[in-house]
Amino acid sequence: MSKVIIRTDAAPAAIGTYSQAVKIGTTVYLSGQIPLVPASMEMVSEDFSEQTHQVFKNLQAVCDAAGGCLNDMVKVNIFLTDLSQFATVNSIMSQYFNEPYPARAAVQVSALPRGAQIEIDGVMEVPSTY
């Protein structure tokens, strides 16, 4: 199977040597999204909740571009600069996903790109196009 590079202007452009997502067969590997507004490439705000919502909006845009949706994600990895925000992430995540929820990891890190407080990446399984 060949790699298909997923790119959309509805999510922030890559700020390094990576693709927004890579699709192999029906599996899509989504790169980490931070709370940048796609049009301006600026941080949405300093507010953690607003940053979290923006990350999920960015992930949704990449999922859409790959032919799926957030509920097609089977695994998400959440990186937080303050693990005490975990309950807020749970509350906001429930607004974007329906049960059954994807598998998930959440870890605290010392820093994220551009001073973000949250970054999320993951794996999505899209319906076969055959």
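# Exercises on a predicted chain

Strand β6, residues 73-80, pairs with β7 in the parallel sense, and six bridges connect the two. The model that carries this pairing is predicted. The exercises below start from this pair and work outwards.

## Exercise 1: The sheet around β6 and β7

Task: Determine which strands form the sheet, which of them stand at the edges, and why one side of each edge strand lacks a neighbour.

Solution.

Step 1. Locate a residue pair between β6 and β7: Phe79 is found opposite Val107 in β7.

Step 2. Extend the view to the whole sheet. Six strands form an open sheet in the order β1-β2-β3-β8-β6-β7, and their pairing is mixed.

Step 3. Examine the edges. These places are taken by β1 (3-6) and β7 (103-108); each has a single partner strand, so one side of each is left without a neighbour in the sheet.

Step 4. Add the twist, which averages 15° from one strand to the next.

Step 5. Identify a helix on the sheet. Helix α2, residues 86-96, packs there and touches β6, β7 and β8 (118-125). The direction of α2 makes about 145° with that of β6.

## Exercise 2: Strand β3 and its partners

Task: Describe how β3 pairs with β2 and with β8, and state how many of the residues of β3 are buried.

Solution.

Step 1. Begin with β2, residues 21-24. This strand runs antiparallel to β3, and four bridges join the two. Ile24 stands opposite Thr27 in β3.

Step 2. Consider the connection. β2 and β3 form a hairpin with two residues between them. In the turn, Gly25 has a positive phi of about 65°.

Step 3. Turn to β8. Five bridges join β3 to β8, and these strands too run antiparallel. Val28 has Met124 in β8 as its bridge partner.

Step 4. Count the buried residues. Strand β3 covers residues 27-33, and six of its seven residues are buried, so that the strand is mostly covered, where buried means under 20% relative accessible area.

## Exercise 3: The two helices

Task: Describe the packing of α1 against α2 by angle, distance and handedness.

Solution.

Step 1. Recall the two quantities required. Two packed helices are described by the angle between their axes and the distance between the axes.

Step 2. Apply them. The axes of α1 (residues 48-65) and α2 come within 10 Å and cross at roughly 35°.

Step 3. State the handedness: the crossing of α1 and α2 is right-handed.

Step 4. Name the residues in contact. From α1 these are Phe48, Ser49, Thr52, His53, Phe56 and Lys57. From α2 they are Thr88, Val89, Ile92, Met93, Gln95 and Tyr96.

Step 5. Compare sequence with space. Gln85 lies in the loop between β6 and α2. Gln85 and Phe48 are 37 residues apart in sequence, and their C-alpha atoms are 8.0 Å apart in space. With a relative accessibility of 21%, Gln85 counts as partly exposed.

## Exercise 4: Unusual backbone geometry

Task: Find a cis peptide bond and two residues other than glycine with a positive phi, and place them in the chain.

Solution.

Step 1. Recall the general rule. Most residues other than glycine have a negative phi, and most peptide bonds are trans.

Step 2. Find the cis bond. It joins Glu99 and Pro100, with omega about 0°. Pro100 belongs to the loop between α2 and β7.

Step 3. Find a positive phi at Met41, where the value is about 60° although the residue is not a glycine. Met41 is part of the loop between β4 (36-37) and β5 (42-43).

Step 4. Add Arg114, a residue other than glycine whose phi is positive and near 60°. Arg114 is placed in the loop between β7 and β8. Its relative accessibility is 48%, so Arg114 counts as partly exposed.

## Exercise 5: The chain as a whole

Task: Decide why the radius of gyration of the chain agrees with that of a compact globule, and describe the overall dimensions.

Solution.

Step 1. List the elements. The chain has two helices and eight strands. From the N terminus they run β-β-β-β-β-α-β-α-β-β.

Step 2. Compare the radii. For 130 residues, a compact globule would have a radius of gyration near 14 Å; the chain has 14 Å, and therefore the values agree.

Step 3. Give the dimensions: along its principal axes, the C-alpha trace spans about 45 × 30 × 20 Å.

Step 4. Describe burial and surface. Of the 130 residues, 39% are buried. The accessible surface comes to about 6700 Å², and 52% of this belongs to carbon and sulfur atoms.

Definitions and conventions: Residues are numbered from 1 along each chain as its sequence is written. This is a predicted model: local features need pLDDT of at least 70, side-chain atom pairs count only at pLDDT 80 or more; totals for chains, interfaces and linings use all residues. Side-chain values use heavy atoms; hydrogens and water are left out. Two strands pair if DSSP finds at least two bridges between them. Axes are lines fitted to C-alpha atoms, for helices over the stretch in contact, and angles run from 0 to 180 degrees between N-to-C directions. Contact means heavy atoms within 4.5 Å. The radius of gyration is taken over C-alpha atoms; the globule rule is 2.2 Å times the number of residues to the power 0.38. Buried means under 20% relative accessible area, exposed over 50%, partly exposed in between (1.4 Å probe, protein chains only). Accessible areas come from the Shrake-Rupley method with a 1.4 Å probe; for residues, only the protein chains shown count as cover. A crossing is left-handed if the near helix is turned anticlockwise from the far one by less than a right angle, and right-handed if clockwise.
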